[in-house]
Amino acid sequence: MSSSSLSWSCTMKTWSRSALMLLKLMYITLLPVLDSQDVKVPSEVTGYVGHDVTLPCDFIPGQKESKITQVQWVLKPPGGEEIIIIVFSYMLGVSTHETFLKGRVEIKEQSLIIKNVKKEDAGSYTCSIATFPSGSFERSTNLVVQEQTPVWMLPRMIAVGVFVLIVLTMFTTTYCIIARIRREASVKDSVYTDVAGPVMSD
């Protein structure tokens with residue numbers, strides 16, 4: 001092998017190593033930014049028939065500044081096709097599509113609120129967030145709908161019942177006291193009139 005060929009081979013190896021090191025450096029530098037930008041949703045949310053439920057959706061911007069331009073929620077019922085429920089655009093506002101959820105859904109920040117949950121609301125809900133200049137991100141959460149009253153609401157319901165009972169008791173007691181005072185005052189006036197008798201003139 002000639003000296004020129006050997007030199008060329010060494011040069012190519014050096015360039016290859018340099019390019020590989022550069023790619024590794026770019027990967028290490030960009031990886032935290034790429035990994036930190038994401039949409040965060042719980043894997044499963046439980047809703048109860050007749051109550052409201054919130055499906056959380058949070059955008060994690062990371063180190064790169066990105067502006068949210070649109071938020072969209074899509075439902076895929078069990079065994080059914082995807083249905084666009086509601087879209088929020090920072091340019092056009094809120095658009096609620098014609099579905100069985102219309103009138104019962106709203107977007108608060110990026111989260112979806114479903115009011116008066118029904119059994120058929122169960123399914124996979126996908127939160128899609130469009131950003132500039134990073135692009136779109138989406139994650140799905142499964143809504144499970146149950147009919148029984150949640151255990152965590154029982155203490156609250158008991159507290160409300162006790163409060164109502166106390167208010168009614170106070171109202172009844174106050175009414176009885178006022179009625180007794182009026183009755184006693186009426187009796188005293190009647191007794192005074194009978195004792196005094198009519199006023200006679202000469």
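Where in the structure is the place of P133?

1. In this predicted model, P133 has its place in the loop between strand 10 and strand 11. The peptide bond that joins F132 to P133 is cis, with omega at about 10°. F132 also takes part in the strand pairing, since within strand 10 the residue F132 is the bridge partner of K67.

2. The pairing just mentioned belongs to strand 5 (residues 67-76) and strand 10 (residues 123-132), which run antiparallel and are joined by nine bridges. Both strands are part of an open sheet of six strands, in the order 2-11-10-5-6-7 and with mixed pairing. Strand 2 (44-48) and strand 7 (93-96) form the edges of this sheet, each of them pairing on one side only. On average, neighbouring strands of the sheet are turned by 20° against each other when direction is ignored.

3. The disulfide count for the model comes to one, and this disulfide joins C57 to C127 with an S to S distance of 2.0 Å. The link of C57 and C127 is left-handed, with -75° about the S-S bond. Because C57 lies in the loop between strand 3 (53-55) and strand 4 (58-60) while C127 lies in strand 10, the pair ties together parts that are 70 residues apart in sequence.

4. The accessibility of the cysteines may interest a reader planning to look at them in the structure. C57 counts as buried at 1% relative accessibility, and C127 likewise counts as buried, at 0%. For C176 the relative accessible area is 45%, so this cysteine is partly exposed.

5. The largest nonpolar core holds 26 residues, of which W73, I114 and Y125 touch the most other members. At least two residues of this core come from each of strand 3, strand 5, strand 6 (83-89), strand 8 (105-108), strand 9 (111-114), strand 10 and strand 11 (135-146). Strand 5 supplies the largest share of the core, namely four residues.

6. Two residues deserve a look for their backbone angles. E109, found in the loop between strand 8 and strand 9, has a positive phi of about 60° although it is not a glycine, and E109 is exposed, with a relative accessible area of 63%. N116, whose place is in the loop between strand 9 and strand 10, is also a residue other than glycine with a positive phi, in this case near 50°. With a relative accessible area of 40%, N116 is partly exposed.

Technical notes: Residues numbered from 1 in each chain as written. Predicted model: local features only at pLDDT ≥ 70, side-chain atom pairs only at ≥ 80, totals over all residues. Heavy atoms only, no water. Pairing = 2+ DSSP bridges. Axes fitted to C-alpha atoms, helices over the stretch in contact; angles between N-to-C directions. Disulfide = S-S within 2.5 Å. Buried < 20%, exposed > 50% of the residue type's maximum accessible area, 1.4 Å probe, protein only. Core = buried A, V, L, I, M, F, W, Y, C linked by side-chain atoms within 4.5 Å.
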